[in-house]
Amino acid sequence: MNHDKLAASAIELAASSSVSRYARQIRFAPVGEKGQQALGESRAAVVGMGALGSVIAQHLVRSGVGFVRVIDRDIIEWSNLQRQMLYTEQDVRALLPKAEAAANHLREMNSSVTVEACVADLTAANIDELLDGVHVIIDGSDNFSVRYLINDYSVKHHIPWIYGGAVGASGMTMTVIPGETPCYRCLFNEPPAPGTTDTCETAGVISPIVDIIASLQSAEAIKLLSGNSQALHRTLFQVDLWNHAWLPVSVANARRNDCDCCGHARFEYLNGQSSGPAAAALCGRNSVQISPSYPVSIQLDELAARLQPVGRVTANRFLLRLVLKDELTFVLFSDGRAIIQGTDQITKARSIYAEILGD
Ligand SMILES: [Zn+2]
């Protein structure tokens, strides 16, 4: 290496040292060097790497949270690019699972953070493994069963979680600190009946609301992990961006002694009594997900060879994609989970799954 190169790498090393990288954040007095150190020693999980998760994970990684696990069950589609800030057209073309693509981008932003990608559907069966060892769980999911599951896990194991949701131009967020604040079920005891709430399919969504809710969630995570929990907003914070309405509703008195979860310690979702079915229509996607009832491991390349006569098939080490007639697409992950795109009929999807995999 010549002198110029040596000098250049020394400059890069100095510039990338944690003090330089986080200089502006450290200068912000409530964080300071102590808070920055605490962030670096923290572990966070982001559940769902869609629009909310894209923004949340970037804030965590750029601000220097030491370990970030990103969990998502899905692959990237063209319709995601309008609001899922982390992904590119190249990710869609490469047929990448969101968790893998996200982790690639996040590592480019900050190589000093350990980013772990989990391509998985968070369920009662795998939640212990997927959320093991984290200090905070941040909700980037798009469905209620996952939120009730996370709430159970959070209360049972005393790990804070930060709820967030957005649809149309509205959204809301709340931070649950077990033992201190109400839990999610204190406010919303049961999930809404299917079909009774707006979804991104029925009501659409604009990207700025997702960014705002995700940024509120991220700020809460940074407060928590940097030792500033006295600064948490402690409200059910609601935003209607179209009508410029910002409504923080205090939850100071919302904790219920008769709450099934945090009052009676009945973890119905964690215990699987209320867990979702093995086949489920995916919210707003004209797709059905099928999960195998027992653990499997599929050799995708071998299967791809066998499926050549069935339709146009492509595979990489993460998934196999088979284009069928009638505008149906079958996406299979190596753990046996499949997403059948082009239908919302569970029975039809099940029969396609059975036809292809013989299960
Ligand atoms: Zn509760």
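**Exercise 1. In which order do the 6 strands of the open sheet lie, and is the pairing parallel or antiparallel?**

Solution. The model is a predicted one, in which local features need pLDDT of at least 70 and side-chain atom pairs count only at pLDDT 80 or more, while totals for chains, interfaces and linings use all residues. Residues are numbered from 1 along each chain as its sequence is written, and side-chain values use heavy atoms, with hydrogens and water left out.

Strands here are DSSP runs of E with at least two residues, and helices are runs of H or I with at least four, numbered from the N terminus; two strands pair if DSSP finds at least two bridges between them. With these rules, the open sheet reads S9-S10-S14-S13-S12-S11, and its pairing is antiparallel. Its edges are formed by strand S9 (279-282) and strand S11 (312-315), each of which pairs on one side only.

**Exercise 2. Describe how S11 is joined to strand S12.**

Solution. Strand S12 covers residues 319-323 and runs antiparallel to S11, to which 4 bridges join it. One residue pairing can be read directly: Ala315 has Leu320 in S12 as its bridge partner.

**Exercise 3. Classify the ring pair of Phe330 and Tyr353, and place both residues in the chain.**

Solution. A pair of aromatic rings is described by the distance of the centres and the angle of the planes. Rings of Phe, Tyr and Trp (its six-membered ring) pair if their centres lie within 6.5 Å, and planes under 30 degrees apart count as stacked, over 60 as edge-to-face and the rest as tilted. The centres of Phe330 and Tyr353 are 6.4 Å apart and their planes stand at 50°, so the pair is tilted. This pair links distant parts of the chain, since Phe330 belongs to strand S13 (residues 329-333) and Tyr353 to helix H14 (residues 346-357), 23 residues apart.

For accessibility, buried means under 20% relative accessible area, exposed over 50% and partly exposed in between, with a 1.4 Å probe and protein chains only. Phe330, at 0%, counts as buried, and Tyr353, at 5%, is buried as well.

**Exercise 4. Which residues do ring pairs link into a cluster?**

Solution. The cluster consists of Tyr148, Trp161, Tyr163, Tyr184, Phe188 and Tyr269. The ring centres of Tyr184 and Phe188 lie 5.2 Å apart with the planes at 50°, so this pair is tilted. Tyr184 is buried at 2% relative accessibility, whereas Phe188, at 28%, counts as partly exposed.
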